[in-house]
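This report introduces the structure shown below to a reader who has not met it before. It treats a surface patch, a helix and the aromatic rings in turn.

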Amino acid sequence: MGSWGTLGPALLSLAGVALGAGGSLFGQFLVSRMSARQLEFQESTAHRAELKDAILKFLSIASQVEKAVLRRPSGDGAAVDPELDPLVDDLWLAQAEIDLAAGSEPLRGATYRYAAGLAEAARGGTNDTSALRGPQARFMDAAYDDMWPGRRRAAGDSPAPR
């Protein structure tokens, strides 16, 4: 009994130290995991903000190109339009911004196809921009999917079927 009387408190102290160390390590693990989640959330938020700015810039320029195409007299496609040329250049730069900021290939492709359609309308003699509605809808769907991956859009959010 004499050895248990001296050995018991030592073993209980050792068990307390081991339990404390285990609890401390588990706490550090939880803090590290939470920090990683916070960092991931912050990076995702920053990506969405950067992409949103690029998308809004692109849409603003695309709208200006469409308006300039609609204002152009019919059959005047061969004439050089001093207003349209710089807008188309700006459109391609805005498309490149999205290309750099996009997290998915579908958004890059949809942006390129929409910009190419706008550039073609700006070069061609057509004033009918209704042909751009499909590429525009696919661009908007791809932008939504890139900004909120995995999130489903509610019915009626999509401007046109795919």
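## Helix α1 and a nonpolar patch

Helix α1 spans residues 2–71, and L7 lies within it. The model is a predicted one. With a relative accessible area of 44%, L7 is partly exposed, because partly exposed residues fall between the 20% and 50% limits.

L7 also contributes to a nonpolar patch on the surface, which it makes together with W4, L11 and L14. The patch covers about 440 Å².

## Helix α3

Helix α3 has 19 residues. From its first C-alpha to its last it reaches 27 Å, close to the 27 Å expected at 1.5 Å a residue.

The buried residues of α3 include L107, G109, A110 and T111. Y114, A115, L118, A119, A121 and A122 are also among them. In general, an α-helix has 3.6 residues a turn, so residues three or four places apart point the same way.

## Aromatic pairs

The structure holds 6 aromatic pairs. In one of them, the ring centres of W92 and Y112 are 5.6 Å apart and the ring planes meet at 45°, so this pair is tilted. The pair links distant parts of the chain, 20 residues apart: W92 belongs to helix α2 (residues 84–101) and Y112 to helix α3 (residues 105–123).

Both partners are partly exposed: W92 has a relative accessibility of 27%, and Y112 has a relative accessible area of 46%. Elsewhere, ring pairs join F58, Y114 and F139 into a cluster. Y114 is also one of the buried residues of α3.

Key
Residues numbered from 1 in each chain as written. Predicted model: local features only at pLDDT ≥ 70, side-chain atom pairs only at ≥ 80, totals over all residues. Heavy atoms only, no water. Phe/Tyr/Trp six-rings, centres within 6.5 Å; stacked < 30°, edge-to-face > 60°. Helix = DSSP H or I, 4+ residues; strand = E, 2+ residues; numbered from the N terminus. Buried < 20%, exposed > 50% of the residue type's maximum accessible area, 1.4 Å probe, protein only. Patch = residues over 30% accessible without salt bridge, like charges linked within 9 Å, V, L, I, M, F, W, Y side chains within 5 Å. Areas by Shrake-Rupley, 256 points an atom, 1.4 Å probe, with all protein chains shown as cover. Salt bridge = Lys/Arg side-chain N within 4 Å of Asp/Glu carboxyl O. Expected span 1.5 Å × (residues − 1).
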